[in-house]
Amino acid sequence: MLPHYYTVKGYGENEIIIDKSRFIAHVSRAKSEEEAQEFILSIKKRHYNATHNCSAYLIGENDQIQKANDDGEPSGTAGVPILEVLKKKKLKDSVVVVTRYFGGIKLGAGGLIRAYGKATSEGLRTTGIVERELVTIMHTKIDYTWLGKIENELRSSIYPIKEIHYLESVEIETYVKDELIDSFTSWMTELTNGQSQTIAGNKLYLETQI
């Protein structure tokens, strides 16, 4: 699992007009090639009467799956520009379909490349990009007498609280980066004069919009 990577926030779309042609960018996250292809197909069905539905996607930790489709536009003028924007922004597990409704003015190869690139960039800006960072959920058990102090310390720290469980004792779940696990555990011990128990739990990706 990658320590961190960038991807799109979720589904989004944005439309721009260039020389009377409508360019509608549809953006989505896709964890597999099958998901990407299903998304592309769904957009093609929705815009079945469009002039073109050009697409590109990047899948996998090492971008091992990369595909670009011009859907009838001159070779290399649509799918590749979309893909290049995804690469430039270092996105993973992302798919984009740019739907074009021809407005009667030919743009030429250079114009098409710029148009599909711009449509993709605007679509990504509208949708939003997130950083997914691999963290560990740390479980800290304390007596209720320590709750106020520990909660205040955590809320003013770099460690986000996931959840607090009020049982016989208090258990606080905290998101901690792997490289900070030892220092976090020591910090909890110091704050409670050795009266806390901290253990590592599951790993997951914490998302932050950028």
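## Figure legends for a predicted model

**View 1. Strands E8 and E9 pair as a hairpin.** Strand E8 (residues 161-166) and strand E9 (residues 170-177) run antiparallel and are joined by 5 bridges. The model shown here and in the other views is predicted. Between the two strands of this hairpin lie 3 residues. His 165 has Glu 171 of E9 opposite it.

**View 2. An open sheet is built from 5 strands.** The strand order is E2-E3-E6-E4-E5, with antiparallel pairing. E2 and E5 are the edge strands; each has a single partner strand, so one side of each has no neighbour in the sheet. On average, neighbouring strands are turned by 15 degrees against each other, direction ignored. Within this sheet, E3 and E6 are paired in the antiparallel sense over 8 bridges. One residue pair to look for is Ser 28 and its bridge partner in E6, Val 95.

**View 3. Helices H1 and H2 lie against the sheet.** Helix H1 (residues 33-46) crosses E2, E3, E4, E5 and E6, and its direction is at about 165 degrees to E4. H2 also packs on the sheet, where it touches E4, E5 and E6, and its direction makes about 35 degrees with that of E4. The buried residues of H2 are Gly 79, Pro 81, Ile 82, Leu 83, Val 85 and Leu 86. These buried residues pack against E4, strand E5 (65-69), E6 and H3. Just after H2, Lys 90 has a positive phi of about 60 degrees.

**View 4. The largest nonpolar core holds 24 residues.** The members that touch the most other members are Phe 23, Ile 82, Val 96, Val 98, Tyr 116 and Leu 124. Two or more residues each come from strand E2 (12-18), strand E3 (21-29), strand E4 (52-59), helix H2 (79-88), strand E6 (94-101) and helix H3 (108-127). H3 contributes the most, with 5 residues. In soluble globular proteins, nonpolar side chains tend to be buried together.

**View 5. Val 96 has contacts from several parts of the chain.** With neighbours within four places in sequence left aside, Val 96 is in contact with His 26, Val 27, Cys 54, Ser 55, Ala 56, Ile 82, Leu 86, Thr 120 and Leu 124. A second core, separate from the largest one, has 16 residues, including Met 138, Tyr 159, Val 170 and Val 176.

**View 6. Helix H5 has buried residues on one side.** In helix H5 (residues 181-191), Ile 181, Phe 184, Met 188 and Leu 191 are buried. These four residues lie on the same side of H5, because they cover an arc of only 95 degrees around the axis. Asp 182 and Glu 190, on the other side of H5, are exposed. The buried residues of H5 pack against strand E7 (129-142), helix H4 (147-155), E9 and strand E10 (197-209). Just after H5, Asn 193 has a positive phi of about 55 degrees.

**View 7. The whole chain is shown for orientation.** The protein chain contains 5 helices and 10 strands. Its C-alpha atoms fill a box of roughly 75 × 30 × 25 Å along the principal axes. The radius of gyration is 23 Å, whereas a compact globule of 210 residues would have one near 17 Å. Of the 210 residues, 48% count as buried. Among contacts between residues at least 6 apart in sequence, 71% join residues at least 24 apart.

Notes. Residues numbered from 1 in each chain as written. Predicted model: local features only at pLDDT ≥ 70, side-chain atom pairs only at ≥ 80, totals over all residues. Heavy atoms only, no water. Core = buried A, V, L, I, M, F, W, Y, C linked by side-chain atoms within 4.5 Å. Buried < 20%, exposed > 50% of the residue type's maximum accessible area, 1.4 Å probe, protein only. Contact = heavy atoms within 4.5 Å. Pairing = 2+ DSSP bridges. Axes fitted to C-alpha atoms, helices over the stretch in contact; angles between N-to-C directions. Arc of directions from axis to C-beta. Rg over C-alpha atoms; globule rule 2.2 N^0.38 Å.
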